[in-house]
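Colleague: I am new to this structure. Please take a close look at one loop with an odd backbone angle, then work outwards from there.

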Amino acid sequence: MKIVDVKTYVMGTAWRNLTFVHVITDEGITGVGEVRMLNHTDALLGYFAEAVPNHVLGTDPFNVEDLVHRMLRNDYARPDYVIMSGIAAIEIACWDIMGKALNQPVYKLLGGAVRDKIKAYANGWYTVERTPEAFAEAARKVLERGYRALKLDPFGHGFYELEREEKRRVVAIVEAVRDAVGPEVEILIEMHGRFNPATAIEMAHLLEPYAPSWIEEPVPPENLAALKKVAERVTIPVATGERIHTRFDFREIFERQAADIIQPDITHIGGLLETKKIAAWADAYYILVAPHNVCGPVGTAANLHFAASTTNFKIQEHFNDFAEAHVKAAAPGNPEVVDGYFPLPQGPGLGVELDLDVIQAHPRRRIFFNLFAENWHRRQATVE
C-alpha cells in the first residue's frame, strides 16, 4: 500500500479554523486527520505544499515510525508548532488507514483498551458575561449536557499581575461555579500562561477553598524554572504542556518534577505514536497525561483512542458540545459524553469520516483569536 495523494480542507468557525486532511492510498483506503492551527493556517498549508511531495507521497502508511522520522530529520530544521502539527495530521490519518485496512479500532493497534470508558471535561462553555451569576448559570448547563468536570479561565485578559478588584472578581466567579455544580464535580482552573510566579502562587492560594483539580499553565511556557517555583509553593496540582511541541522540550519538565500533569496536544506534537512515547516517559516520573484538545471531531477521535489505550491517562478535554453544530457534523461518528464519560470509540480506524458538504458549507474565515483581548472568552474572534 502506498500514499498517492493528500487533500486538505479548511472549515471556519467563530474563533478557530479547523484543517482536515484526506490521506489517499493506491488501494482506495483513505485516512482522515485534523489540526486546529490558531492564527497560523496559511503556514500549515504552506508546510503541506512542500512536505507532502518531499516526504509523504509513495510512503507505506503502515511505516508511520519511518515517515515521521524522515519528516523530522530530512528537512534539517528545528521542529516547531507548524512542522509538528503538519506531521501530526498526516500521522493520525495513517493510523486511520491502518485501522480500516485491518478492520480494527485504532486503540487496538496502540496496545488495546486499558479502560472501558474515558473521563471527560467540558471547555468553551463560558461564553457569557464575565460575572459570577452568568458563569454559574453556564456551569449548570454543562452538567445538563452530561459532564461531571469542567474547566474555566476566570482571569479575563490578565497578564503577569491582576488588580485587587480583578482578584476579587476571579474568586467570586470560581466560588459561584463551585456553588452551582456542587462538591462532587471537578473544577479545573486554566491560567493560559498569564502570570508571573508571584501572582500565580497568590491566585492558587486564593482558589484553594474551592478545591480545583489543577491549575493549568500558571506561567508562560518558556521558563521552566518559573514553573518549578510555582509547583513548589502551591498545594493544587500543576498541569502544563499544550504549548510544548517536541519530546525534547518535555525532558526538563520531567527532570525538574515541575508539573503533576502534562497536556501534550496530539495534533501539535507529531501525532499518536509520539504522544504515546511521551506518556510512557511521563509514567516513569508518576506524571499523569491529560491531552490538550481544541480540535474538531477528527482530533477528538484521535484523543479518545489515545485515552483508551494509555495507562497514565487522566481526563479528556472537549470543546465541541459547546461549539457551532457544524463542528461535530463535519465528521460524525464519535461517542457522546454520558454521566461524565465517553464510551470507547468504535472502529474501524478512528471511527469518523469527513462530511465534505458540511465542511464546504462553512468555509475558512479570516479571523484572529487573541487570548489577551478583552472578552476573549466569548470565543468570537476578530475578523480581519
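**A loop and its surroundings**

Modeller: Start at Tyr-286, which sits in the loop between α10 and β10 (288-289). Keep in mind that this is a predicted model. The phi of Tyr-286 is near 60 degrees, a positive value, and the residue is not a glycine. Why remark on that? Most residues other than glycine have a negative phi. Is Tyr-286 buried or exposed? With a relative accessible area of 76%, Tyr-286 is exposed, because the cut-off for that word is over 50%.

Now look for the same kind of backbone sign elsewhere. Asp-339 also has a positive phi, near 50 degrees, and is not a glycine either. Its place is the loop between α12 (325-329) and β12. Gln-257 gives another case, with a positive phi near 55 degrees. Gln-257 comes right after α9.

One peptide bond deserves a stop too. Between Gly-347 and Pro-348 the bond is cis, and omega is near 5 degrees. Most peptide bonds are trans. Pro-348 belongs to the loop between β12 (341-343) and α13 (356-361).

Go back to the helix that ends before Gln-257. Helix α9 spans residues 247-256, and its buried residues are Phe-250, Ile-253 and Phe-254. Down the axis of α9, these buried residues fall within an arc of 95 degrees, so they line one face of the helix. The general geometry fits that pattern. An α-helix has 3.6 residues a turn, so residues three or four places apart point the same way. What do the buried residues of α9 pack against? Their partners are α8, β8 (238-240), β9 (261-262) and α10 (272-283). That list brings us back to α10, the helix before the loop of Tyr-286.

The list also names α8, so follow that helix next. Helix α8 covers residues 224-233 and holds Ala-226. Ala-226 has 12% relative accessibility, so it counts as buried, the limit being under 20%. Which residues does Ala-226 touch, once neighbours within four places in sequence are set aside? The contacts are Pro-197 and Val-219. Distance along the chain is another matter. Asp-321 is 95 residues from Ala-226 in sequence, and their C-alpha atoms are 35 Å apart.

Take up Pro-197 from there. Pro-197 lies in helix α7, residues 197-207. Its relative accessible area is 18%, so Pro-197 is buried too. Beyond its neighbours within four places, Pro-197 is in contact with Val-219, Ala-226, Lys-229 and Val-230. Thr-382 is 185 residues along the chain from Pro-197, and 30 Å separate the two C-alpha atoms.

Helix α7 has a helix partner as well. Helix α6, residues 164-181, packs with α7 at an angle of about 40 degrees, and the axes are 10 Å apart. The two helices are therefore oblique to each other. Their crossing is right-handed. From α6, the contact is made by Lys-167, Val-170, Val-171 and Val-174. From α7, it is made by Glu-202, Met-203, Leu-206 and Leu-207.

Another helix pair can be set beside it. The axes of α1 (residues 41-56) and α2 (residues 64-73) come within 10 Å and cross at roughly 125 degrees. So α1 and α2 are also oblique to each other. Their crossing is right-handed. Tyr-47, Ala-51, His-55 and Val-56 are the α1 side of the meeting. Leu-67, Arg-70 and Met-71 are the α2 side.

Last, the cysteines. A disulfide is a covalent bond between the sulfur atoms of two cysteines. How many disulfides are counted here? The count is zero. Cys-94 shows the gap, as its nearest cysteine sulfur, in Cys-295, is 17 Å away. Seen from Cys-295, the closest cysteine sulfur is that of Cys-94, and 17 Å is too far for a bond, because a disulfide needs the sulfurs within 2.5 Å. Cys-94 is buried, at a relative accessible area of 0%. Cys-295 counts as buried as well, at 1% relative accessibility. Set those two beside Tyr-286, which is exposed at 76%.

Conventions. Residues are numbered from 1 along each chain as its sequence is written. This is a predicted model: local features need pLDDT of at least 70, side-chain atom pairs count only at pLDDT 80 or more; totals for chains, interfaces and linings use all residues. Side-chain values use heavy atoms; hydrogens and water are left out. Helices (H or I, at least four residues) and strands (E, at least two) are DSSP runs, numbered from the N terminus. Buried means under 20% relative accessible area, exposed over 50%, partly exposed in between (1.4 Å probe, protein chains only). Contact means heavy atoms within 4.5 Å. The arc is that of the directions from the helix axis to the C-beta atoms. Axes are lines fitted to C-alpha atoms, for helices over the stretch in contact, and angles run from 0 to 180 degrees between N-to-C directions. Angles under 35 degrees count as roughly parallel, over 145 as roughly antiparallel, 65 to 115 as roughly perpendicular and the rest as oblique. A crossing is left-handed if the near helix is turned anticlockwise from the far one by less than a right angle, and right-handed if clockwise.
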